[in-house]
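Me: Hey, could you walk me through this model? I'd like to start with the inside and then move on to the surface.

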Amino acid sequence: MNRKRILIIDDDIPLSQTMKINLEATDDYEVLVEKKSSQALSAAREFKPDLILLDVIMPDLDGGDVSALLQSDPILHSVPVIMVTALVSNGETGSDLTVANGDTLMVAKPIRFEKLVAAIESGLSPHPV
Amino acid sequence: MNPPFESSGIKNPEANASSGTAMRILCIEDNDGDFALVKEHLLEAVFDHKPEVIRAVSLKDAITHLSPDSADRSEFDVILLDLSLPDSFGPETLDRVDEAAVHVPIIILSGNEDHDLAVKMVKRGAQDYLPKYFLSGDLLLRSILYALERQRSRLEMSSLNNRLQEATHELKTTQMQLIQAEKLDSLGRLAAGVAHEVKNPLATIQMGVDFFRTKAEELGNPYDIMVIYMQEAIENADAIIRGMVDYSRSDDLELKTCNLNGAVLKAIRMVRHEVLKQNVRIKKEMRVALPAVRIDEAKMVQVFINILMNSIQAMKGCDGERVITVKTFCGKLKTIDRDLGRRDYDRLRVEDLAVVLEIRDLGPGITEDRLNRVFEPFFTTKPTGEGTGLGLSVAKNIVDLHRGYFQVSNVEDPKGLRVQIFLKARELTRGPMKRQEEQLHEEIEIQKHKP
């Protein structure tokens, strides 16, 4: 079974660990958690994820900064990123709790696991050009 | 300070009192004998120049002399008035003459000495009340000079009072704007803080509930019911926080997607009067193909007007050319100064495409020690009475609410002050896409704020 590699970058350990447990319980994913945003780039280079779940509000570099770093990296720029944010108002999300911010897919916290999986699968599927 | 007379359109009465040209006096008196007496006293009084005395024999006659059609209307320095005229009597005479000659001091010459009436008349606007049979040249001269001086102070006071009222009004309006903008700003920060602190644990609980759900469904009642209630609780708590974020976001901004140039041109039109008055030239360097921004146009126009007015005022004392350069452009952000108190996923970031408005003047700029304070409420570099010190702090709050960035810096060559507003580009406007993208490769920088 070819499990997809998911890198979670989030400073909130209970949240990232519960996401990891749920994702790995499906047997479809292999998950690495990085709690320090400043280590995000090196963790990603080493782990070579298929997709990155990126928290927005973190001390030091925030999600936007990390995303910018990833985009400017010659290898990592092609890895799909899903931003996970608490700061979404009702007007900004659809019923699937996701919000498209330019090219970046965003999901709102708290998100139900089945919707998180749907967002991940949509992120993993090749984008129509 | 300028004397109030210049702006009120009448001449300075003081100018004739002690020097310069002869004083012109309108004497409203129907009795020939009384008029002859008054004139005699006036001629014996020691004026620097012999006064010119013009007579009116009735109220109607007096009003003709004072009417706007009369060529010499504004040239009377003082009015000597008998209250009992063939066509008018008592206090009404004073009111009518006062109405016809708003800024000319009136001295009442009365046939009898009535203290109560005298006080009443002075309260009603007369400068003095003299019984005719006590008159002498000296008394008349003194009364006229005092009347002129009192009138001058009264006008000056009323002009100062007007300015005070204008300033108070301006202060109140700006204060309201400041309070409104600050309220929204702090509410936004609070909502963002609470959202972050509460939603993270909620998200963890959600993951837990999802983890147990399948198992609970297999086990059935009451395990599955327990999970359903927990799920409801998460959703209720989430809805409350979202409502709070919603409220702080959309309360006061009517955001529309539009081209920034339109708002800038509106602001320029609205300061046109001041531009002409101060002999300022506005040089426009606006990029036509500009990506759209999402702004509350009315509020942004206020911000731009505020900056333009600051620039106009800054160049007031400049001898050289007075030019304000208004430039719009866009580019990718290479650096950013982050406001750590503001938690927002939608803030400007490095690599973002930003639309920039730049307003540059040729004024003296702001000294470096003051530059860090320009956004403080009530901080001003203008003389007392010319600025409330609220304008820029309100302007910055409005830009903050738009999740933009406001930057003020001194520039050289040519020397002056530069204000820049950075806003996130939302989408490219219609037009040849390729060309627009080529133009977007300019790199722009936000300077790091000095602590």
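Me: OK, which residues have the most contacts inside the largest nonpolar core?
Reply: This is a predicted model. Its largest nonpolar core has 45 residues, and those with the most contacts inside it are B:Leu260, B:Val303, B:Phe304, B:Leu308, B:Ile324, B:Val326 and B:Phe406.

Me: And which helix gives the most to this core?
Reply: Helix H11 of chain B, residues 297-314, which puts in eight residues.

Me: What does B:Val326 touch, leaving out residues up to four places away in sequence?
Reply: Its partners include B:Val264, B:Ile268, B:Ile282, B:Met286, B:Leu308, B:Leu357 and B:Ile359. B:Lys283, B:Lys284, B:Glu285 and B:Glu358 are also among the residues B:Val326 touches.

Me: How many residues are in the other core?
Reply: That one has 23 residues and lies apart from the core just described. B:Leu59, B:Leu83, B:Leu94 and B:Ala118 are among them.

Me: Switching to B:Arg24: buried or exposed?
Reply: Buried, because its relative accessible area is 10%, below the 20% cut-off. B:Arg24 lies in strand S1 of chain B, residues 24-28.

Me: What does the B:Arg24 side chain make a polar contact with?
Reply: With the side chain of B:Glu52, at 3.2 Å.

Me: Now the surface. Which residues form the nonpolar patch?
Reply: A:Ile21 from chain A joins B:Phe211 and B:Phe212 there, and together they have about 300 Å² of accessible area.

Me: Where is A:Ile21 found?
Reply: In helix H1 of chain A, residues 13-25. A:Ile21 counts as partly exposed because its relative accessibility is 43%.

Technical notes
Residues are numbered from 1 along each chain as its sequence is written. Chains are lettered from A and ligands numbered from 1 in the order in which they are written. This is a predicted model: local features need pLDDT of at least 70, side-chain atom pairs count only at pLDDT 80 or more; totals for chains, interfaces and linings use all residues. Side-chain values use heavy atoms; hydrogens and water are left out. Patches are made of residues with over 30% relative accessible area and no salt bridge: like charges are joined within 9 Å, nonpolar side chains (Val, Leu, Ile, Met, Phe, Trp, Tyr) within 5 Å. Accessible areas come from the Shrake-Rupley method with a 1.4 Å probe; for residues, only the protein chains shown count as cover. A salt bridge is a side-chain nitrogen of Lys or Arg within 4 Å of a carboxyl oxygen of Asp or Glu. Helices (H or I, at least four residues) and strands (E, at least two) are DSSP runs, numbered from the N terminus. Buried means under 20% relative accessible area, exposed over 50%, partly exposed in between (1.4 Å probe, protein chains only). A nonpolar core is a set of buried Ala, Val, Leu, Ile, Met, Phe, Trp, Tyr and Cys residues joined through side-chain atoms within 4.5 Å. Contact means heavy atoms within 4.5 Å. A polar contact is a pair of N or O atoms within 3.5 Å; within protein, one must be able to donate a hydrogen and the other to accept it, and residues adjacent in sequence count only if both atoms are side-chain atoms.
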